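Visitor: I'm new to this one, so could you walk me through it?
Guide: Happy to. Have a look first, and then ask away.

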Amino acid sequence: MATIGQIATRPLRAERHGERSFASIAFLVALWLALAFAVLCLVTLLVTSFVDGVQRLDSNLFTQYSSQVRPETGGARAAIWGTLWVIGLTAVLAIPLGIAAAVYLEEFADPTRWYNRLVEVNLQNLAAVPAIVYGMLTAGLALTIGLRRGVVLAGGIALALLILPVIIITTREALRAVPAEIRQGSLALGATRLKTVWKQSLPSAVPGVATGTILALSRALGEAAPLLLLGAVVFVRFDPDGLMSGFTTMPVQIFNWAGQPQVEFRELAAAAIIVLLGMLLLMNAVAIVIRNRYQRRW
Amino acid sequence: MVALAGASLLSVAVTVGIVLALLLPALSFFREVSLTEFLFGTRWTPRFTGQESYGVLPLITGTAWTTVIGLLVAIPFGLGAAVYLAEYAPWRVRKVLKPVLEVLAGVPSVVYGFFALTFVAPFVLNDLLGLDVGTFSVLSAGIVLGIMIIPTVASLSEDAMSAVPDSLRQGSLALGANKMRTTLRVVFPAAISGIAASIVLALSRAVGETMIVALAAGTQARMVGSPTEFGQTMTGFIAQTATGESTPGTLSYNTLFAVGLLLFVITFVINLISIRLVRKFREAY
Amino acid sequence: MTSTETTTAPTTRTPAGGGGALADNGARPRVVAQDDNSRYLPDMPIPVIECEGVDIYYGGFRAVHDVSMVYGQNEITAMIGPSGCGKSTVLRCLNRMNDLIPGARVAGRISYRGQDMYGSDVDPIEVRRRIGMVFQKPNPFPKSIYDNIAYGPRVTGMKVESMDDLVEQALRGAALWDEVKDKLKQSAYGLSGGQQQRLCIARTIAVRPEVILMDEPCSALDPIATARIEDLMEDLRKDFTIIIVTHNMQQAARVADRTAFFTAQAAEGTGDRTGQLVEFDLTTKIFSNPADKRTEDYISGRFG
Ligand SMILES: Nc1ncnc2c1ncn2[C@@H]1O[C@H](COP(=O)(O)OP(=O)(O)OP(=O)(O)O)[C@@H](O)[C@H]1O
Ligand SMILES: [Mg+2]
């Protein structure tokens with residue numbers, strides 16, 4: 001190979017502005033630390049809750065009611081049942097409404113119309129309204145229609161309203177991901193738009209809708225603030241038996257126990273936290289399985 | 001079809017409902033307490049029979065302290081994590097770390113509150129850092145609040161930076177800029193409105209967060225002067241007072257809604273700003 | 001003011017054998033060419049970058065095999081060939097932009113002025129500062145025109161006496177000054193595609209590289225904008241070494257001093273198509289009298 005006129009040049013090294021300069025490395029280390037901090041917090045949070053609560057993770061926790069006087073044998077039975085009732089009702093209320101609204105907005109609404117745009121902006125706004133405000137809304141609503149506040153029905157309504165915007169937004173995203181050809185194919189065969197949505201778009205969007213819905217429900221599962229406004233009674237000593245029954249839920253129960261001065265209550269709270277996190281983990285695992293199993297490639 | 005449209009109109013009805021539900025009791029409140037006293041009074045003692053005072057400023061200082069401390073934690077750590085994930089993390093690392101952030105985001109806030117109360121305040125702040133804080137302080141509530149919103153900042157900022165076209169990074173690297181400068185001077189500015197939106201959203205969550213501050217900030221309203229003091233926030237007041245028996249129509253019940261209305265107005269304004277920013281960010285490229 | 005007077009960096013960096021000296025040297029053989037592109041060219045280029053037995057892999061896939069060629073100082077070297085034959089791949093390896101693709105790997109030796117470009121003590125950042133690149137699609141930063149130009153000098157720690165002068169010189173060098181001198185503070189996104197591409201060239205020459213790599217710089221542009229860029233390259237050659245990938249054979253014939261023709265050959269067994277260098281010679285030779293049958297087929301349009 002010819003090498004005429006080869007000129008000795010400075011070495012190909014960059015000092016201050018290079019990839020291995022002090023500033024670059026310090027920057028990367030700082031980024032690492034930021035991430036490590038977040039991970040460390042999560043780990044610490046999980047470990048401390050576990051250590052605090054593990055010895056109270058006994059059968060009493062599941063079979064006994066909370067007791068003001070004997071915390072060492074008390075349990076979260078009423079809260080567990082209350083949670084199941086309220087979240088069940090939340091799902092029943094929020095899922096159909098959320099999907100219906102999403103289908104309308106995504107498949108039928110003309111986005112240039114002012115009222116549809118209003119709905120859009122409104123949704124974005126609602127998604128960021130503090131949870132506790134939904135409790136105040138429901139309290140006001142209950143007062144207007146003459147409903148007792150601290151009942152399962154009111155709790156379900158509050159949480160359903162809270163997660164409705166989330167369900168609508170995720171369902172719309174899932175519908176938007178369904179390719180236009182699927183829709184057009186059906187329309188070309190003479191199906192009505194409603195039928196197309198029902199038979200084609202929605203079934204194709206099920207995985208996305210399901211994951212979004214489960215994640216929204218898991219948010220409701222962990223939410224206590226709006227229920228406080230409804231005066232969800234704390235030392236409930238019965239299982240809820242209907243929509244008009246009084247109730248408490250796990251997060252509310254944890255809030256109450258955590259605020260008590262006795263150490264036994266704190267242990268109880270930690271044990272309940274383990275159960276609550278277990279429930280959330282289960283829901284998230286289901287969501288991930290659905291997402292992975294049904295994730296389609298068009 | 002009509003039913004579908006009705007469902008989406010429900011969302012508007014919810015907003016109207018919120019406004020009415022807050023406004024009506026708040027109006028009765030303001031018939032008894034003047035707006036000036038409410039907004040500028042520095043004593044908040046609605047439950048001291050005989051010497052009730054309805055100045056909301058103590059609650060606002062509580063909220064301001066926890067929010068500012070929360071953002072001081074969430075912004076650097078959240079942005080650091082976002083920059084690492086968007087620009088530096090190898091694909092595999094990213095695949096592991098993003099779910100970790102999602103889990104962090106999915107932990108209920110009452111759990112964070114418990115963490116602040118039983119671990120951060122007594123162990124980290126008192127024993128480890130030797131700070132003179134009691135069980136309750138805006139510092140411990142704020143720090144944990146910040147930890148809770150790290151994932152919000154991180155994942156939205158990461159989205160914004162990932163949306164910056166690769167051609168810009170290549171253009172910068174091809175000029176001999178290193179990765180740090182490419183990140184700080186090209187990617188970051190290009191994603192700035194999305195990043196700003198994530199911070200504004202974090203702000204709105206910090207202002208509206210209830211359970212952490214109700215558990216860890218304190219139960220008594222006072223003008224908070226330093227981070228190691230305890231204090232009550234707007235949401236903390238609502239949560240702690242509502243757990244008691246409050247009868248609709250009474251002044252103490254209406255007080256909740258006056259504070260709720262103020263909270264709603266503040267977060268509403270913050271949300272409008274954030275929607276603006278997101279829209280701008282979509283138009284950028 | 002012409003670009004020769006303003007961008008003096010290469011002359012200062014390479015005191016011996018600069019472009020000016022070369023053009024004055026009447027002893028060099030004159031290349032016979034039909035157009036006014038003609039100038040004296042040595043038989044052997046003065047090497048700025050050399051490839052010796054270069055193989056390039058993407059993971060397990062060998063995209064390019066056994067490329068050996070020289071890119072001459074103050075010359076324009078064109079790389080042509082059918083789609084997928086590895087032109088961009090080779091080009092990206094010449095300033096280590098290929099490092100950014102996960103799994104990309106280079107075997108063989110690529111040297112810049114005799115130094116192994118892939119040596120362990122080499123910082124790719126410095127390689128890219130000296131060997132700039134212009135991309136297929138114009139990619140100005142979402143900043144003002146001024147800041148687009150000033151960006152490179154700022155981030156590479158160049159000592160600059162007057163940034164305003166440097167910006168002006170770079171824009172003049174890229175024949176863009178007259179069009180933008182009144183709107184330097186405006187966003188670069190307000191420019192037309194052709195202007196944006198010239199801005200990218202200006203941005204590149206602002207850091208005073210020695211070599212400019214261009215990957216199909218005109219393929220997103222209309223014929224008029226293309227002609228302007230071609231004229232510009234003619235000017236830039238006085239100060240820079242230019243390596244261009246193009247699909248447009250007329251363009252290669254018009255602007256390039258030397259041309260390398262690549263093709264992709266299916267490997268036996270695997271069926272992977274691996275790019276290889278077929279012929280590398282003076283452009284006039286390649287287009288008038290190619291040595292290889294495959295080159296002839298390609299340039300006469302008998303081959304896709
Ligand atoms: N990032 C990459 N990862 C994996 N393989 C790649 C990558 N880039 C290119 N290749 C492969 O390397 C081979 C050469 O690609 P290259 O882009 O260099 O061709 P080219 O000659 O520039 O083609 P064109 O004229 O279409 O631009 C192709 O087979 C291509 O599939
Ligand atoms: Mg190419």
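Visitor: Let's start with the shell around ligand 1: how many nonpolar, polar and charged residues does the shell have?
Guide: Keep in mind that this is a predicted model. Sorted by class, the shell around ligand 1 holds six polar residues and three charged ones, and its nonpolar residues number five. So here is the tally, going by class: five nonpolar, six polar and three charged.

Visitor: Which residues are the closest to ligand 1?
Guide: In total, 14 residues surround ligand 1. The closest of them belong to chain C, and they are C:S83, C:K87, C:S88, C:T89 and C:H247.

Visitor: Which element gives the most to the shell around ligand 1?
Guide: Two elements of chain C give two or more residues to that shell: β2 (61-72) and α4 (87-93). The one that gives the most does so with four residues, and that is α4(C).

Visitor: How far is an oxygen atom of ligand 1 from an N or O atom in the side chain of C:T89?
Guide: Let's go through three polar contacts, with 3.5 Å as the cut-off. A backbone N or O atom of C:G86 sits 3.0 Å from an oxygen atom of the ligand, and for a polar side-chain atom of C:E216 the distance is 3.3 Å. For the side chain of C:T89, the distance to a ligand oxygen is 2.4 Å.

Visitor: What share of ligand 1 does the protein bury?
Guide: As we just saw, a polar side-chain atom of C:E216 lies 3.3 Å from a ligand oxygen. Taken alone, ligand 1 exposes 630 Å². Of that area, the protein buries 65%.

Visitor: Moving on to where chain C meets chain B, how much area is buried there?
Guide: On the chain C side, 23 residues are in contact, and they meet 18 residues of chain B. Carbon and sulfur atoms give 67% of the buried area, which comes to about 1,600 Å².

Visitor: Which residues of chain C lose the most area to chain B?
Guide: Three residues stand at the top, and together they make up 30% of what the chain C side buries. They are C:I125, C:Y151 and C:V155.

Visitor: How many residue pairs are in polar contact between chain C and chain B?
Guide: For salt bridges across this interface, the rule finds zero. For polar contacts, where both residues need pLDDT 80 or more, the count of residue pairs is four.

Visitor: Which element gives the largest share of the side of chain C that touches chain B?
Guide: The elements of chain C that give two or more residues to this side are α5 (124-130), β6 (131-134), α6 (145-155) and α9 (193-206). The largest share is four residues, and it comes from α6(C).

Visitor: And where chain A meets chain B, how much area is buried?
Guide: Here 71 residues of chain A are in contact with 76 residues of chain B. Carbon and sulfur atoms give 80% of the buried area, and that area is about 6,200 Å².

Visitor: Which helix gives the largest share of the side of chain A that touches chain B?
Guide: Across this interface the rule finds zero salt bridges, while six residue pairs are in polar contact, both residues being at pLDDT 80 or more. The largest share of the chain A side is 18 residues, and the helix they come from is α1 (residues 22-53) of chain A.

Visitor: How many nonpolar residues does that side of chain A have?
Guide: By class, the side of chain A that touches chain B has twelve polar residues and seven charged ones. Its nonpolar residues number 52.

Visitor: What about chain B itself: how many helices does it have?
Guide: The C-alpha atoms of chain B fill a box of roughly 75 × 60 × 30 Å along the principal axes. The secondary structure of chain B has zero strands, and its helices number twelve.

Visitor: Which residue forms a salt bridge with B:K98?
Guide: Over all chains, the count comes to 30 salt bridges. In this one, the closest N and O atoms are 2.8 Å apart. The pair links helix α4 (residues 91-106) with helix α6 (residues 138-162) of chain B, 60 residues apart. The partner of B:K98 is B:E158.

Definitions and conventions. Residues are numbered from 1 along each chain as its sequence is written. Chains are lettered from A and ligands numbered from 1 in the order in which they are written. This is a predicted model: local features need pLDDT of at least 70, side-chain atom pairs count only at pLDDT 80 or more; totals for chains, interfaces and linings use all residues. Side-chain values use heavy atoms; hydrogens and water are left out. A residue is near a molecule or strand if one of its heavy atoms lies within 4 Å of it. A polar contact is a pair of N or O atoms within 3.5 Å; within protein, one must be able to donate a hydrogen and the other to accept it, and residues adjacent in sequence count only if both atoms are side-chain atoms. Accessible areas come from the Shrake-Rupley method with a 1.4 Å probe; for residues, only the protein chains shown count as cover. Contact means heavy atoms within 4.5 Å. Buried area is the accessible area (1.4 Å probe) that two parts lose on being put together, summed over both. A salt bridge is a side-chain nitrogen of Lys or Arg within 4 Å of a carboxyl oxygen of Asp or Glu.
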